[in-house]
Amino acid sequence: MRTVLVTGGAGFIGSNFVRMVLQEHRDIRVVNLDKLTYAGNLENLADCRNHPNHIFVKGDICDAPMVSEIVNKYQIDAIINFAAESHVDRSLVEPGVFIETNIYGTLTLLKIALEKKMERFVQISTDEVYGSLGPDGKFTEMTPLSPNSPYSASKAAADMLVRAFGHSWGLRYNITRCSNNYGPYQFPEKMIPLMINNALNDKPLPVYGDGLHVRDWLYVYDHCTAVWDVFIKAQPGTIYNIGGNNEKHNLDVVRLILSHLGKPESLITYVKDRPGHDRRYAIDSSKIMSDLNWKPSLQFEEGISKTIQWYLDHKDWLNHIVSGQYQEYYKTMYSNR
Ligand code: NAD
Ligand code: TYD
């Protein structure tokens with residue numbers, strides 16, 4: 001049985017990935033290392049906590065002695081690094097922790113993967129490293145990196161370190177760069193769950209700027225299958241873009257959420273734009289589709305219905321998150337906007 005260290009496995013995408021692996025790949029043991037920051041939540045994995053192939057360890061990817069210890073103890077064969085500070089707006093307020101986790105944390109994992117001669121290191125990156133697009137064109141794997149926020153700058157730096165470890169010492173790595181994810185267990189600081197939560201509570205839906213920014217949405221399960229395919233099938237040293245070919249204006253997404261929930265469009269409130277807000281992201285996924293035979297299973301309309309239904313069915317999960325600390329966060333970010 002192969003043992004994979006999945007970092008950040010209690011977050012949004014990481015928990016969906018851990019669940020998928022446990023359910024669909026029974027010959028894999030997952031050691032899930034997560035610091036349980038505000039974004040990490042063991043309730044995301046309540047149904048798999050006692051799975052025989054799942055070991056959860058609370059810890060920080062920057063803590064080299066601890067990571068070495070668990071790598072030795074569980075005889076880790078490969079690392080898939082989801083752990084990160086992931087929210088652009090927070091990075092504009094407090095960038096330091098993004099440098100710490102996203103760059104230094106990745107470096108810590110890279111050193112250990114190299115020292116232990118691991119079979120693979122998969123870095124979960126983002127399309128945001130490419131910067132922003134005009135009205136036409138898509139990001140390919142050859143697009144130069146041009147990150148615009150402290151978040152995307154820290155992710156781009158990590159990508160460069162991963163590449164350098166491959167180039168200099170032969171680390172067998174892959175990098176995936178995915179577009180915006182949505183689906184179950186997403187923390188309601190990100191647009192889709194934030195808008196769902198506000199709509200459910202008849203609170204204003206804060207649309208940044210003119211609402212005509214474009215994101216290319218992918219259902220989280222489809223991101224997970226793409227990462228798996230890269231881990232299992234990709235040549236070392238390759239980079240893959242992952243996207244859903246579902247470009248939408250933010251305003252259209254917000255309107256769709258309101259219409260699904262039977263709430264009025266008068267809840268939409270235009271607020272001050274995010275500084276440096278990237279106008280448009282769009283991903284060309286043809287490389288992963290042709291090399292690895294991956295394709296997304298859901299289009300946006302189906303995925304968003306499933307997602308809204310999931311939040312309706314998991315109001316306890318949502319209410320638990322938005323009580324306490326989240327209220328402070330919301331007040332700081334939105335009250336004078
Ligand atoms: P998330 O914020 O929901 O989860 C991040 C997880 O990492 C949390 O469980 C948190 O506790 C953990 N973590 C943070 N710092 C840590 C540390 N120092 N040590 C160990 N664990 C730590 O993020 P997400 O949306 O699930 O994103 C996961 C990864 O996917 C990130 O690397 C992100 O850059 C990338 N990504 C996200 C999206 C998206 O739309 N959300 C799109 C493309 C790529
Ligand atoms: P977000 O979910 O934060 O992802 P990212 O910035 O990484 O793409 O935001 C998605 C889009 O929604 C982005 O254009 C910013 C916008 N947005 C709002 O208009 N209002 C909000 O309250 C949030 C959180 C985001």
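Here are a few friendly notes on the ligand site and two helices of this structure, which is a predicted model.

1. **Who surrounds the ligand.** A good place to begin is ligand 1, which has 28 residues around it. If you would like to centre your view on the closest of them, pick Ile13, Asp34, Ser86, Tyr151 and Lys155. Sorted by class, the shell around ligand 1 holds 12 nonpolar, 12 polar and four charged residues.

2. **Where the shell comes from.** Three elements each supply at least two residues of the shell around ligand 1: helix α1 (12-24), strand β5 (120-126) and helix α5 (150-169). Which of them gives the most to the shell? That is β5, with three residues.

3. **Polar contacts to the ligand.** Tyr151, already listed among the closest residues, places a polar side-chain atom 2.6 Å from an oxygen atom of ligand 1. The backbone takes part too: a polar backbone atom of Thr37 is 3.0 Å from an oxygen atom of ligand 1, and a polar backbone atom of Phe12 is 3.1 Å from an oxygen atom of ligand 1. As for cover, ligand 1 on its own has 840 Å² of accessible area, and the protein covers 97% of that.

4. **Thr225 in α7.** Next, have a look at Thr225, which sits in helix α7 (residues 220-233). Is Thr225 buried or exposed? Its relative accessibility is 17%, and the cut-off for buried is under 20%, so Thr225 counts as buried. The side chain of Thr225 reaches the backbone oxygen of Asp222 at 3.0 Å. Setting aside neighbours within four places in sequence, Thr225 is in contact with Met20 and Trp294.

5. **The buried side of α11.** Helix α11 (residues 315-322) has buried residues at Trp317, Leu318, Ile321 and Val322. Why do these four lie on the same side of α11? They cover an arc of only 120 degrees around the axis, and therefore share that side. The general rule is a handy one here: an α-helix has 3.6 residues a turn, so residues three or four places apart point the same way.

6. **What covers α11, and what follows.** The cover over the buried residues of α11 includes three other helices: α6 (191-200), α10 (300-313) and α12 (325-334). Just after α11, you will find Gly324 with a positive phi of about 70 degrees.

Key:
Residues are numbered from 1 along each chain as its sequence is written. Chains are lettered from A and ligands numbered from 1 in the order in which they are written. This is a predicted model: local features need pLDDT of at least 70, side-chain atom pairs count only at pLDDT 80 or more; totals for chains, interfaces and linings use all residues. Side-chain values use heavy atoms; hydrogens and water are left out. A residue is near a molecule or strand if one of its heavy atoms lies within 4 Å of it. A polar contact is a pair of N or O atoms within 3.5 Å; within protein, one must be able to donate a hydrogen and the other to accept it, and residues adjacent in sequence count only if both atoms are side-chain atoms. Accessible areas come from the Shrake-Rupley method with a 1.4 Å probe; for residues, only the protein chains shown count as cover. Ala, Val, Leu, Ile, Met, Phe, Trp, Tyr, Cys and Pro count as nonpolar, Asp, Glu, Lys and Arg as charged, and the others, Gly among them, as polar. Buried means under 20% relative accessible area, exposed over 50%, partly exposed in between (1.4 Å probe, protein chains only). Contact means heavy atoms within 4.5 Å. The arc is that of the directions from the helix axis to the C-beta atoms.
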